[in-house]
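Please open the model in your viewer and keep the sequence beside it, since this tour moves from one selection to the next and says what is to be found at each stop.

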Amino acid sequence: MKAPTSLEFLTEALRRLPGVGPKSAQRMAYHLMQHDREGASLLGRALSQAVERVRHCASCNTFTEHEVCETCLDPERDAGLLCVVETPADQLMIEQTMTYKGLYFVLMGHLSPLDGIGPRDIHLEKLVRRATDGIVQEVVLATNFTNEGEATAHYISETLKARGLKVSRLARGVPVGGELEYVDAGTIARAMLDRRAT
C-alpha cells in the first residue's frame with residue numbers, strides 16, 4: 001500500500017527536524033493523523049505563525065517578534081558587557097543560570113570552512129560593529145567547546161583584540177556533580193589548566 005501524497009509530504013517535512021530519521025518521521029506523521037488531528041492543526045498553525053512573525057533582533061541578532069528584542073531594550077542590563085553565543089538556545093541557557101546581566105550577540109552558527117560557513121555566514125561584520133560601538137568594554141565568548149566553536153572563538157577573539165577590545169572566554173572544566181572517573185581526560189586536563197585559587 002502506498003501512503004497518500006499529503007502524508008508523504010508531512011513525513012518529509014518532519015524529517016527536517018534535527019535527529020529525526022525516516023522511521024521516526026513516519027511514526028510522527030501517522031500518529032498525528034491517527035490519534036491527534038487537533039494537535040496536528042495546532043502544530044501547523046504554530047509553525048505558520050512563527051515563520052510569519054519571528055525575525056532577527058536588529059541589535060543582537062537573536063529571535064524576536066519586534067525590531068529589537070526585550071533583552072536589548074532592558075535598561076537594567078550592563079551594556080558594557082557583550083556575550084557572544086552560537087544560537088538563541090545557547091542564549092536561553094545562559095539566561096537560565098541567572099548569573100549574567102550583560103547583553104548578547106547571537107551568531108546563528110559557527111565557522112566551518114569544510115561546510116562552506118565563513119565569517120559572513122555568522123554575521124561577523126555586524127558583531128564587530130556592535131562590539132566597537134564605544135559602549136562595549138568586554139566581549140565574553142561563549143561558543144561551544146567543539147572544534148568549530150573553538151575555531152570560531154579564536155577567530156572572533158583575534159578580530160576583536162586587534163581593535164583594542166577586552167575579550168574573555170567561558171571557563172571549562174568538570175561539570176557540577178560530575179565524578180572524575182567518568183569525565184573524559186580532555187575535560188579534566190582543561191579543568192587542571194584553568195584551575196583557580198580558592
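A residue is called buried when its relative accessible area is under 20%, exposed when that area is over 50%, and partly exposed in between. Keep in mind throughout that this is a predicted model.

With those cut-offs in hand, select Met108, which is found in the loop between strand S4 (102-106) and helix H6. Its relative accessibility is 25%, and therefore Met108 counts as partly exposed. Look at the backbone here as well, for Met108 has a positive phi of about 65 degrees although it is not a glycine.

Go next to Asn61, in the loop between strand S1 (55-56) and strand S2 (63-64). Asn61 is another residue other than glycine with a positive phi, here near 80 degrees. With a relative accessible area of 3%, Asn61 is buried.

Now turn to the helices, and begin with H1, residues 5-14. Select Leu7, Thr11 and Leu14, which are the buried residues of this helix, and turn the view until you look down the axis of H1: the buried residues fall within an arc of 65 degrees, so they line one face of the helix. The spacing can be understood from helix geometry, because an α-helix has 3.6 residues a turn, so that residues three or four places apart point the same way. The buried residues of H1 pack against H2, whereas the face turned away from the buried side carries the exposed residues Thr5, Ser6 and Phe9.

Stay with H2 (residues 22-35) and add H3 (residues 37-53) to the selection; these two helices pack at an angle of about 120 degrees, with their axes 5 Å apart. To display the contact, show Leu32, Met33 and His35 on the H2 side, which meet Arg37, Gly39, Ala40 and Leu43 on the H3 side. Sorted by class, the residues of this contact are 4 nonpolar, 2 polar and 1 charged.

The next pair is H6 (residues 124-131) with H7 (residues 147-161), which pack at an angle of about 45 degrees while their axes lie 11 Å apart. That angle makes H6 oblique to H7, and the crossing in which H6 passes H7 is right-handed. Show Leu124, Leu127, Val128 and Ala131 in H6, and you will find them meeting Tyr155, Ile156, Thr159 and Leu160 in H7. The residues of this contact comprise 7 nonpolar and 1 polar, with no charged residue.

Within H6, select Arg130. Is Arg130 buried or exposed? Its relative accessible area is 12%, so Arg130 is buried. Apart from neighbours within four places in sequence, Arg130 is in contact with Ser59, Cys60, Cys72, Leu82, Leu103, Tyr104 and Val136. Draw a distance from the C-alpha atom of Arg130 to that of Ser59, and you should read 7.6 Å, although these residues are 71 residues apart along the chain.

Finish in H7 with Thr152, which counts as buried at 0% relative accessibility. Which residues does Thr152 contact, leaving aside its neighbours within four places in sequence? They are Leu107, His110, Leu111, Ile122 and Thr143. A last distance can be drawn from Thr152 to Gly19, 133 residues apart along the chain, whose C-alpha atoms are separated by 24 Å.

Note on methods:
Residues are numbered from 1 along each chain as its sequence is written. This is a predicted model: local features need pLDDT of at least 70, side-chain atom pairs count only at pLDDT 80 or more; totals for chains, interfaces and linings use all residues. Side-chain values use heavy atoms; hydrogens and water are left out. Axes are lines fitted to C-alpha atoms, for helices over the stretch in contact, and angles run from 0 to 180 degrees between N-to-C directions. Helices (H or I, at least four residues) and strands (E, at least two) are DSSP runs, numbered from the N terminus. Angles under 35 degrees count as roughly parallel, over 145 as roughly antiparallel, 65 to 115 as roughly perpendicular and the rest as oblique. A crossing is left-handed if the near helix is turned anticlockwise from the far one by less than a right angle, and right-handed if clockwise. Contact means heavy atoms within 4.5 Å. Ala, Val, Leu, Ile, Met, Phe, Trp, Tyr, Cys and Pro count as nonpolar, Asp, Glu, Lys and Arg as charged, and the others, Gly among them, as polar. Buried means under 20% relative accessible area, exposed over 50%, partly exposed in between (1.4 Å probe, protein chains only). The arc is that of the directions from the helix axis to the C-beta atoms.
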